[in-house]
Amino acid sequence: MLVEPGMKSKHIDVSGGGPALAQNPFGGLSAAGLPSSAAKSPEHGGALNAVAPDNRKAPNRNRGRVDVVRQTAGRGGKTVTVLSGFKGIASRELEDLARAVRKASGAGGTVKDGTIELQGDQREKAEQVLRDAGFRPVRAGG
């Protein structure tokens, strides 16, 4: 691209022929308050002297009521456990919760229209998983 005299180019010259950096951005920093070089992290062959703070948020223990219902009507006599009433939960988290309930109960199931359906009467196991996730399971219906 040809640039007329007096006009600036929109491109940055990366050929390496430009001026060297005039200052060190880290030159004014001091090492006061930093751990000594003897304190190495475990992956570098040493023991870590200071314990890093845990910045993870504590799980929310009041995520709302979830109805746990056992149904047989309209399912050819088969028993199904339906978990419904999830408020403010993303579909991805609902899928993960359904996977955890299926794994704990050893039964199949699916997510339909914001509810979790499990094969068989899995109310006790589903309630335990829901309590662990911070929900308040309530048995409703038959």
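## Thr81 and its setting in the fold

Leaving aside neighbours within four places in sequence, Thr81 is in contact with Val68, Val69, Ile116, Glu117, Leu118, Gly120, Asp121, Gln122 and Arg123. The model in which these contacts occur is a predicted one. Thr81 belongs to strand β2. Its relative accessible area is 0%, under the 20% cut-off for burial, and Thr81 is therefore buried.

Two polar contacts involve the side chain of Thr81. One reaches the backbone oxygen of Gly120 at 2.6 Å. In the other, a polar atom of the Thr81 side chain lies 2.9 Å from the backbone nitrogen of Gln122. Both Gly120 and Gln122 also appear among the contact residues of Thr81 listed above.

**Overall architecture**

The protein contains two helices and five strands. Read from the N terminus, these elements follow the order β-β-α-β-β-α-β. Of the 142 residues, 22% count as buried. Contacts between residues at least 6 apart in sequence include a share of 51% that join residues at least 24 apart.

**The sheet**

The five strands form an open sheet with the order β3-β4-β2-β1-β5 and mixed pairing. Strands β3 (109-112) and β5 (136-139) stand at the edges; each has a single partner strand, so one side of each is left without a neighbour in the sheet. From one strand to the next, the twist averages 25°.

Strand β1 spans residues 65-71 and is joined to β5 by four bridges, the two strands running parallel. Within this pair, Asp67 has Val138 of β5 as its bridge partner. The pairing of β1 with β2 is antiparallel and comprises five bridges. Here Val69 stands opposite Val82 in β2. Val69 is also one of the residues in contact with Thr81.

The two pairings made by β1 are set out below.

| Strand pair | Direction | Bridges | Example of a pair |
|---|---|---|---|
| β1 and β5 | parallel | four | Asp67 and Val138 |
| β1 and β2 | antiparallel | five | Val69 and Val82 |

**Helices on the sheet**

Both pairings of β1 belong to a sheet on which α1 and α2 pack. In the parallel pair, Asp67 is matched with Val138 in β5. Helix α1, residues 91-105, packs on the sheet and touches β2 (80-84), β3 and β4 (115-119), with a direction that makes about 20° with that of β4. Helix α2, residues 123-132, likewise packs on the sheet, touching β1, β2, β4 and β5, and its direction makes about 155° with that of β5.

**Packing between the helices**

Two packed helices are described by the angle between their axes and the distance between the axes. For α1 and α2, the angle is about 135° and the axes are 9 Å apart. The two helices are therefore oblique to each other, and their crossing is right-handed. On the α1 side, the residues that meet α2 are Leu97, Ala100, Val101, Ala104 and Ser105. Their counterparts in α2 are Lys125, Ala126, Val129 and Leu130.

Notes
Residues numbered from 1 in each chain as written. Predicted model: local features only at pLDDT ≥ 70, side-chain atom pairs only at ≥ 80, totals over all residues. Heavy atoms only, no water. Pairing = 2+ DSSP bridges. Axes fitted to C-alpha atoms, helices over the stretch in contact; angles between N-to-C directions. Contact = heavy atoms within 4.5 Å. Buried < 20%, exposed > 50% of the residue type's maximum accessible area, 1.4 Å probe, protein only. Polar contact = N/O pair within 3.5 Å; in protein donor to acceptor, adjacent residues only side chain to side chain. Parallel < 35°, antiparallel > 145°, perpendicular 65-115°, else oblique. Left-handed = near helix turned anticlockwise from the far one by under 90°.
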